[in-house]
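Please look over the sequence and the model below before reading on. The briefing that follows takes up a few topics in turn, for a reader who has not met this structure before.

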Amino acid sequence: MAEQTERAFQKQAGVFQAAKNSKSKKGKVARYYKSVGLGFKTPKTAIEGTYVDKKCPFTGNVHIRGRLLKGKVHSHKMKNTLIVRRNYLHYIKKYNRFEKRHSNTPAHLSPAFRVLEGDNVVIGQCRPLSKTVRYNVLRVDSAVAGGKGVKLYRKH
């Protein structure tokens, strides 16, 4: 059975739950998952998990198409959404130099992933999921130190 954390009953669209033989030989309940392609593996937590997320690219009704971006997790304060910061250099012709710039991109985070601020992620473009979210997290590369990576000294 799926995790019921919302007021409305959560179920996967591709799974019929009222079947008499709902459990297979191994005792597992039927679960819908897919491969997003593009060389990204489906996480084990998406295959074996019990969460229901219709905006998840592995278990929901979302297809990845368009751009693939890499960035660092800037904040993870929203529910199932994070902000990815991408740093880049912009050339100023007059001074023959570069200036630092950045862009923040909101992306949907599937419950299949565990993310901390400072982790590197790969996000893929999909249909609009909300007013501002047009990307979905496809892979998480954990930072070596973990955390924000800003604090150098501990307070005594």
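**Briefing: pocket, rings and charges**

By class, the residues lining the largest pocket comprise six nonpolar, 11 polar and eight charged ones. The model is a predicted one, and the points below begin with that pocket before turning to aromatic rings and to charged side chains.

**The largest pocket**

- The volume of the largest pocket comes to about 550 Å³, and among the 25 residues that line this pocket, those closest to its centre are Gln10, Tyr51, Val52, Asp53 and Lys54.
- Tyr51, one of the residues closest to the centre of the pocket, also has a charged partner, since the charged end of Arg31 sits over the ring of Tyr51 at 4.8 Å from the ring centre.

**Aromatic rings**

- Across the whole structure, a search finds two aromatic pairs, and in one of them, formed by Phe58 and Phe113, the ring centres are 6.0 Å apart and the planes stand at 70 degrees; because planes over 60 degrees apart count as edge-to-face, this pair is placed in that class.
- The pair of Phe58 and Phe113 links distant parts of the chain, with the two positions 55 residues apart in numbering.
- Phe58 belongs to the loop between helix H1 (44-48) and strand S1 (68-78), while Phe113 belongs to the loop between strand S3 (97-108) and strand S4 (120-125).
- Both rings belong to buried residues, because buried means under 20% relative accessible area, and the values are 0% for Phe58 and 12% for Phe113.

**Salt bridges**

- Side chains of opposite charge can pair when their charged atoms come close.
- A search of the whole structure finds two salt bridges, and one of them joins the side chains of Glu99 and Arg101, with a distance of 2.8 Å from N to O.
- Neither buried nor exposed by the cut-offs of 20% and 50%, Glu99 is partly exposed at 29% relative accessibility, and Arg101 is likewise partly exposed, with a relative accessible area of 36%.
- Another salt bridge is formed by Asp141 with Arg139, where the closest N and O atoms are 3.6 Å apart.
- Asp141 has a relative accessible area of 34% and is therefore counted as partly exposed, and Arg139, with a relative accessible area of 35%, is partly exposed as well.

Technical notes: Residues are numbered from 1 along each chain as its sequence is written. This is a predicted model: local features need pLDDT of at least 70, side-chain atom pairs count only at pLDDT 80 or more; totals for chains, interfaces and linings use all residues. Side-chain values use heavy atoms; hydrogens and water are left out. On a 1 Å grid over the protein atoms alone, a cavity is a set of points where a 1.4 Å probe fits but cannot get out, and a pocket is an open set with protein on both sides within 12 Å along at least five of seven lines; lining residues have an atom within 4 Å of a point. Grid points are joined across faces, edges and corners, and a volume is the space filled by probe spheres set on the points. Ala, Val, Leu, Ile, Met, Phe, Trp, Tyr, Cys and Pro count as nonpolar, Asp, Glu, Lys and Arg as charged, and the others, Gly among them, as polar. Rings of Phe, Tyr and Trp (its six-membered ring) pair if their centres lie within 6.5 Å; planes under 30 degrees apart count as stacked, over 60 as edge-to-face and the rest as tilted. Helices (H or I, at least four residues) and strands (E, at least two) are DSSP runs, numbered from the N terminus. Buried means under 20% relative accessible area, exposed over 50%, partly exposed in between (1.4 Å probe, protein chains only). A charge sits over a ring if NZ of Lys or CZ of Arg is within 6 Å of the ring centre and within 35 degrees of the ring normal. A salt bridge is a side-chain nitrogen of Lys or Arg within 4 Å of a carboxyl oxygen of Asp or Glu.
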